[in-house]
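Reader: I should like to go through this protein by question and answer. Please give the reasoning before each value or name.

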Amino acid sequence: MASSFPAAAALVEEARRLYGQMFGEEAPQVAVCAPGRVNLIGEHTDYNQGFVLPMALPLVTVVVGSRTFGQDVTIATATGDADEPHRVNFSLTSDGSPLSPGLPSWANYVKGVIQHYRASPVPGFRAVIASSVPLGGGLSSSASLEVAFYTFLQQLKPDDGDKISKALACQQAEHTHAGVPCGIMDQFVSVLGREGHALLIDCRSLEATPVPLTDPGLVILITNSNVKHSLTGSEYPVRRRQCEEAASILGKESLRDATMKNLEDAKDRLDDVTYRRARHVIEEIERTVQAAEALKRGCYKEFGKLMVESHDSLRDLYEVSCRELDELVSAAMEVDGVFGSRMTGGGFGGCTVTLLQAHAIDRMILHIQERYRGTPTFYVTTPSEGARVLSLS
């Protein structure tokens, strides 16, 4: 029913095999991984300095490799969906001049991390990437790759070990080398994820409050619509600009500081689209705080109601949903035992996240397979640990 996905150890073996094929007898010296994430609620609030409530996933990106002499770098990916070529060679500059982004696009994330690594100069290395995080699914395959690679570089040439600075460096990598002006959520939870907990992250102060999510009667189901999205050069930067424009008109540093009263008072100075974007963000920040409190109290019905409100707002006010995601959410909410469902991630495809009772999981999957016109993939997930070093023994 639900898709199985390889454990980190199996991905390490896959990466080691490819490493052996490429580099002969020499075995890799380092293995690390970093998780993807699902955001339970708080969408498009992170770059507005608001609150988000993600959890790290058991879906991970693994990097295995070794330091080499000199300044040459060879990286390869075992991910079949990545753009070609799957192997890239380049040289690190001794003068610290920037590594230019280019093709293949997956290598830009690695170049960005090297550029922003906090203990330069980075030595030469060979590395292979393997991942179970679906590309373009809204589960943050990009942050997973960035954080995994940063963790790999920490083993070659340690930095000061500050985790928040690590997340910020990975965020910068995405800004400069992938061209996506993302907020901090994805990299933050990939670095600092905690097993058995979601994280309520304040994207202004960068404080994180762990929220326990260990009820054995509860399941987090991710449903991948298998409609691909790419946020680069798309609607994502447009939404960010609209939010900044709204904050400016309201006289606020960010929409985090705005209230619905502020917005209503300024309505005649905002066009309809900017008003709706701002309304989503202001209400979503409040919903996220309420949802974290509901989860702490075990009030799953209240949490589920807030999830559905979030989806409706993303569909109608922020306009980042699509027919497939709306279909999946509607179908999920028809199933007895489902508390709530919503699109998750940047939008325009990707995944939904559903909170439901464990006994309802098979019924839910069957119902969606009957109702959804596409070919969905299902992942039953639990909140997992953040980036870590893995054993090669």
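Reader: Is E302 buried, partly exposed or exposed?

Author: In this predicted model, the relative accessible area of E302 is 34%. Buried requires under 20% and exposed requires over 50%. The value for E302 lies in between, so the class is partly exposed.

Reader: With which residue does E302 form a salt bridge?

Author: The criterion is a side-chain nitrogen of Lys or Arg within 4 Å of a carboxyl oxygen of Asp or Glu. For E302 the closest N and O atoms of the pair are 2.6 Å apart. The partner has a relative accessibility of 49% and therefore counts as partly exposed. That partner is R297.

Reader: Why are R315 and D312 separated by about one helical turn, and which helix holds them?

Author: The side chains of R315 and D312 meet in a salt bridge, at 3.3 Å from N to O. R315, at 33% relative accessibility, counts as partly exposed, and D312, at 28%, counts as partly exposed. The separation is about one helical turn because R315 and D312 are three residues apart in a helix spanning residues 300-316, namely α9.

Reader: How many residues apart are D202 and R256, which form a salt bridge?

Author: The closest N and O atoms of D202 and R256 are 2.9 Å apart. This pair links distant parts of the chain: D202 belongs to strand β6, whereas R256 is in the loop between α6 and α7. D202 is buried at 11% relative accessible area, while R256 is partly exposed at 22%. The separation of D202 and R256 along the chain is 54 residues.

Reader: Which residues are linked in a network of salt bridges, and what is the count of salt bridges?

Author: The network links E43, E284, R287 and R342. For the protein, the count of salt bridges comes to 27.

Reader: Which prolines follow a cis peptide bond?

Author: Omega is about -5° for the bond joining E84 and P85, which is cis; P85 sits in the loop between β3 and β4. The bond from S120 is also cis, with omega near 0°, and the proline it leads to is in the loop between α2 and β5. The prolines are P85 and P121.

Reader: Is S140 buried or exposed, given its positive phi?

Author: S140 is not a glycine, yet phi is about 70°. The residue is found in the loop between β5 and α3. Its relative accessibility is 7%, so S140 counts as buried.

Reader: What is the relative accessible area of N226, which has a positive phi?

Author: N226 has phi of about 60° although it is not a glycine. Its place is the loop between β8 and α6. N226 is partly exposed, and its relative accessible area is 38%.

Reader: What radius of gyration does the protein have?

Author: The C-alpha atoms fill a box of roughly 60 × 50 × 35 Å along the principal axes. A compact globule of 393 residues would have a radius of gyration near 21 Å. The protein agrees with that expectation, having 21 Å.

Reader: How far apart are the mean positions of the positive and negative charges?

Author: There are 37 positive and 48 negative charges in the protein. The distance between their mean positions is 1 Å.

Terms used:
Residues numbered from 1 in each chain as written. Predicted model: local features only at pLDDT ≥ 70, side-chain atom pairs only at ≥ 80, totals over all residues. Heavy atoms only, no water. Rg over C-alpha atoms; globule rule 2.2 N^0.38 Å. Lys, Arg positive; Asp, Glu negative; His and termini not counted. Charge placed at Lys NZ, Arg CZ, Asp CG, Glu CD. Helix = DSSP H or I, 4+ residues; strand = E, 2+ residues; numbered from the N terminus. Buried < 20%, exposed > 50% of the residue type's maximum accessible area, 1.4 Å probe, protein only.
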